[in-house]
Amino acid sequence: MTSVTTEIEIPSSFPADKVFKVFSDFDTIAPKVNPEVFKSIETTEGNGGVGTIKVFTFGDVVPFTSGKYKVDAVDPSSFSYTYSFFEGDNLMGILDSITNQIKIVPAEGGSIFKQTIVYNCKGNEKPTEDILKVEKEIYEKTFKAIEAYGIAHPESY
């Protein structure tokens, strides 16, 4: 089985605990701040912790309609969250899963948002460079939009 990994790092002027807190409400905030990417995010099973199942319904700028994922790990003390898409057309018919590992790292003057995306391929076929580039841009834009939401809504953290 082949895999492809993409790394994202985005500096933030906010402390790690505040960034993690805002991102803990991703399901509610993302469709508000980036509706062209996220039409809705619905919890279908669980309470948000490990094992929770969620369904993303993607917006018009995304070349997919939906994806279902499971929360694999949540560790507020280390500001980390891991989830894996296991069903949906976002798997493009060539992927078994897509694992997203998010970690907010404290840094001088704020923090660094780090996301590792592992595309676990069924065979040797891989996502195209264009798809990887578009997805990376979407993740970066979404982070900036959620960070801006946090600035405008300090009660969110």
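Two strands count as paired where DSSP finds at least two bridges between them. With that criterion in hand, the tour of this predicted model can start at a hairpin.

**Stop 1: β5 and β6.** Select residues 80-88 for strand β5 and residues 95-107 for strand β6; the two pair in the antiparallel sense over six bridges. To check the register, display threonine 82, which stands opposite glutamine 101 in β6. Then move to the connection of this hairpin, where six residues lie between the strands. Methionine 92 is the residue to pick here, as it takes a positive phi near 60°.

**Stop 2: β6 and β7.** Keep β6 selected and add strand β7, residues 110-121. These strands run antiparallel and are joined by twelve bridges. Valine 105 marks the register on this side, standing opposite isoleucine 112 in β7. β6 and β7 also form a hairpin, with two residues between them. In its turn, select glycine 109, whose phi is positive at about 80°.

**Stop 3: serine 12.** Glycine 109 leads to the next selection, since it is among the residues touched by serine 12. Serine 12 lies in strand β1, which spans residues 3-12. Is serine 12 buried or exposed? Its relative accessibility is 8%, so it counts as buried, the cut-off being under 20%. Show the side chains of serine 12 and glutamate 147: they make a polar contact at 2.5 Å. Leaving aside residues up to four places away in sequence, the contacts of serine 12 are Val19, Gly109, Gly110, Ser111, Phe143 and Glu147.

**Stop 4: α1 against α3.** Two of those contacts, Val19 and Phe143, reappear where the helices α1 and α3 meet. Select α1 (16-23) and α3 (129-152). The helices pack at an angle of about 105°, and their axes are 10 Å apart. α1 is therefore roughly perpendicular to α3. Which residues of α1 meet α3? They are Val19, Val22 and Phe23, and their counterparts in α3 are Phe143, Ile146 and Gly150. By class, the residues of this contact comprise five nonpolar, one polar and no charged.

**Stop 5: helix α2.** Finish with residues 26-33, which form helix α2. Colour its buried residues, namely Phe26, Asp27, Ile29, Ala30 and Pro31. Next, display the elements against which these buried residues pack: the helices α1 and α3, already visited, together with the strands β2 (38-45), β3 (53-58) and β4 (66-75).

Conventions: Residues numbered from 1 in each chain as written. Predicted model: local features only at pLDDT ≥ 70, side-chain atom pairs only at ≥ 80, totals over all residues. Heavy atoms only, no water. Helix = DSSP H or I, 4+ residues; strand = E, 2+ residues; numbered from the N terminus. Buried < 20%, exposed > 50% of the residue type's maximum accessible area, 1.4 Å probe, protein only. Polar contact = N/O pair within 3.5 Å; in protein donor to acceptor, adjacent residues only side chain to side chain. Contact = heavy atoms within 4.5 Å. Axes fitted to C-alpha atoms, helices over the stretch in contact; angles between N-to-C directions. Parallel < 35°, antiparallel > 145°, perpendicular 65-115°, else oblique. Nonpolar A, V, L, I, M, F, W, Y, C, P; charged D, E, K, R; others polar.
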